[in-house]
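Thank you all for coming; I would like to take a few minutes to walk through one structure that will be new to most of you. Please have a look at it first, and then we will go through its surface and its pockets in turn.

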Amino acid sequence: RVLRRLDIAHEAEHVLRIDLEATAFLKNMARVIVGTLVEVGLGARPAGSMADLLASRDRTRAGVTAPARGLTLERVYY
């Protein structure tokens with residue numbers, strides 16, 4: 001799977017919008033990416049570690065799986 005785009009926008013107080021675009025998603029892939037980004041935001045891991053983590057393709061190096069609440073599939077392209 002190839003992650004083509006990841007955008008983060010501040011929507012409201014305590015609300016972030018994270019848009020992911022990929023060729024396809026593995027089970028829980030989006031939730032794992034978001035959970036890892038939360039760890040970055042909390043200072044539990046350096047921001048620069050994300051590119052290496054994604055390139056490693058090693059799930060054990062990633063953060064926790066974020067809850068499904070708030071996750072929305074907006075569009076599917078063929």
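Let me begin with Y78, which sits in the segment that follows helix 2 (49–56), and please keep in mind throughout that what we are looking at is a predicted model. Y78 has a relative accessibility of 95%, and because anything over 50% is called exposed, this residue counts as exposed. Together with L73 and V76, Y78 makes up a nonpolar surface patch of about 470 Å².

L73 brings us to the pockets, since L73 is also among the residues nearest the centre of the largest pocket, along with I18, L20, L71 and T72. That pocket holds about 1,000 Å³ of space, and its lining consists of 31 residues, which divide into 17 nonpolar, ten charged and four polar. Which elements supply at least two residues each to this lining? They are strand 1 (3–12), strand 2 (15–22) and helix 1 (29–41), and it is strand 2 that gives the most, with eight residues.

Turning now to the second largest pocket, its volume is about 460 Å³, and 16 residues line it, with L26, M29, L54, R57 and D58 the closest to its centre. Here the elements that give two or more residues are helix 1 and helix 2, and helix 1 has the largest share of the lining, at four residues. By character, the lining of this second pocket divides into ten nonpolar residues, five charged and one polar.

Conventions: Residues numbered from 1 in each chain as written. Predicted model: local features only at pLDDT ≥ 70, side-chain atom pairs only at ≥ 80, totals over all residues. Heavy atoms only, no water. Patch = residues over 30% accessible without salt bridge, like charges linked within 9 Å, V, L, I, M, F, W, Y side chains within 5 Å. Areas by Shrake-Rupley, 256 points an atom, 1.4 Å probe, with all protein chains shown as cover. Salt bridge = Lys/Arg side-chain N within 4 Å of Asp/Glu carboxyl O. Buried < 20%, exposed > 50% of the residue type's maximum accessible area, 1.4 Å probe, protein only. 1 Å grid on protein atoms, 1.4 Å probe; cavity = no way out; pocket = protein on both sides within 12 Å on 5 of 7 lines; lining within 4 Å. Points joined across faces, edges and corners; volume = space filled by probe spheres on them. Nonpolar A, V, L, I, M, F, W, Y, C, P; charged D, E, K, R; others polar.
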